[in-house]
Amino acid sequence: MTWWIKARRAHTVLPGMFLPFCFLAVLWRDTVLDLPSFLAGTLPAPVIALLPILLCAALALCLDSRLPAAETTATRRVAWMDTGLAGATVLAACATALLAWKLSGADAGLNLGRDTAFLVGLMLLVRSVAGSRAVLAPVAWGFAVLFLGSAPDGHIYFWTVLLRPSTDPIAAAAAVLACAGGLAALLVRPATTSGI
C-alpha cells in the first residue's frame with residue numbers, strides 16, 4: 001500500500017515542480033544577479049544555480065509521504081523505489097540542463113545538472129541522519145555559497161560547487177560523490193530508520 005501512496009505522490013508532486021523547473025531553467029538560463037556577499041561585497045550569481053532547491057524540496061516531499069509501519073512490512077522493496085525516484089529526478093534535471101545549455105551555450109545551463117546532483121546527494125546524505133529536516137540542507141548550502149563562497153578578489157572557492165565553472169573537475173567529482181553517496185544512503189538506510 002505504501003508504494004502506491006509514494007507512486008501517486010511522485011506522479012503529482014514531481015511533475016508539478018519539474019515543469020516550473022524546466023520553464024525557469026530555459027527562461028533564466030543566462031540571467032545573472034549581483035547578490036550580497038560577506039567576503040566579496042557583491043557576487044555575480046546565475047539565478048539558475050538556485051533552481052535545484054525546487055527539485056530537492058519536491059523530492060523530499062515525495063520521500064517523506066509514507067506509512068512507516070507499512071514500509072517495514074512491505075513485500076515490495078520501497079527503498080529501491082525511493083532510490084530509483086531520486087536517481088530519475090537527477091537524470092531528468094541533467095536532461096533539462098543540456099536543453100538549457102543548447103539554447104544559450106551558457107555555462108550556467110550546463111551546471112544545472114551537476115548542481116542538482118550535488119544538492120540532491122547532499123540532502124539524501126543529511127536525511128539519513130537528520131530525517132525530514134534534511135530538506136533545509138540545500139537551502140543552507142545555497143546561502144553559505146552566496147554569503148561565504150567567494151574571496152574579496154571575486155575568486156569562487158572550490159568547496160562551493162554551485163558557482164564553479166562547468167569544466168571544474170573538483171566540482172564534478174564532488175557532485176558525483178555526493179549523488180552516489182546520497183543514493184547509497186537512501187538505499188542502505190531508508191526513511192523508516194532515519195529517525196524521523
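**Salt bridges, nonpolar cores and cysteines in the predicted model**

A salt bridge joins arginine 164 to aspartate 168, with 2.7 Å between the closest N and O atoms. The model is a predicted one, and two salt bridges are found in the structure. Arginine 164 and aspartate 168 are both buried. A salt bridge also links arginine 114 with aspartate 115, where the closest N and O atoms lie 3.2 Å apart. Arginine 114 is buried, its relative accessible area being 12%, and aspartate 115 is likewise buried, at 1%. In general, side chains of opposite charge can pair when their charged atoms come close.

The nonpolar interior was examined next. In soluble globular proteins, nonpolar side chains tend to be buried together. The largest nonpolar core of the model comprises 31 residues, of which Leu59, Phe118, Met123, Leu124 and Leu163 touch the most other members. At least two residues of this core are supplied by each of strand E2 (41-46), helix H2 (52-64), H4, helix H5 (107-130), H6 and H7. Helix H5 contributes the largest share, seven residues. Another core, of 10 residues, lies apart from the largest one and includes Leu24, Ala25, Ile48 and Ala97. For leucine 124, when neighbours within four places in sequence are left aside, the contacts are Leu63, Ala86, Gly182, Leu183, Ala185 and Leu186.

Cysteine residues were considered with respect to disulfide formation. The count of disulfides is zero. For cysteine 179, the closest cysteine sulfur belongs to cysteine 94 and lies 7.9 Å from its own sulfur; this pair is therefore too far apart for a bond, given that a disulfide requires sulfur atoms within 2.5 Å. Cysteine 179 is buried, with a relative accessible area of 11%. Cysteine 62 also counts as buried, at 1% relative accessibility.

Several nonpolar residues are partly exposed. Leucine 33, located in strand E1 (residues 32-37), has a relative accessibility of 41% and so counts as partly exposed, since this class spans the values between the 20% limit for buried and the 50% limit for exposed residues. Beyond its neighbours within four places in sequence, leucine 33 is in contact with Leu43, Pro44, Ala45 and Val47. Of these, alanine 45 is 12 residues from leucine 33 in sequence, with a C-alpha to C-alpha distance of 5.4 Å.

Leucine 98 belongs to helix H4 (residues 78-104). With a relative accessible area of 46%, leucine 98 is partly exposed. Between leucine 98 and glycine 109, the separation is 11 residues in sequence and 7.0 Å in space, taken from C-alpha to C-alpha.

On the surface, Leu148, Phe158, Trp159 and Ile170 make a nonpolar patch of about 390 Å². Within this group, tryptophan 159 is placed in the loop between helix H6 (136-148) and helix H7 (169-188). Tryptophan 159 is partly exposed, its relative accessible area being 30%. The two helices that flank this loop, H6 and H7, are among the elements that each supply at least two residues to the largest nonpolar core.

Methods
Residues numbered from 1 in each chain as written. Predicted model: local features only at pLDDT ≥ 70, side-chain atom pairs only at ≥ 80, totals over all residues. Heavy atoms only, no water. Patch = residues over 30% accessible without salt bridge, like charges linked within 9 Å, V, L, I, M, F, W, Y side chains within 5 Å. Areas by Shrake-Rupley, 256 points an atom, 1.4 Å probe, with all protein chains shown as cover. Salt bridge = Lys/Arg side-chain N within 4 Å of Asp/Glu carboxyl O. Helix = DSSP H or I, 4+ residues; strand = E, 2+ residues; numbered from the N terminus. Buried < 20%, exposed > 50% of the residue type's maximum accessible area, 1.4 Å probe, protein only. Contact = heavy atoms within 4.5 Å. Core = buried A, V, L, I, M, F, W, Y, C linked by side-chain atoms within 4.5 Å.
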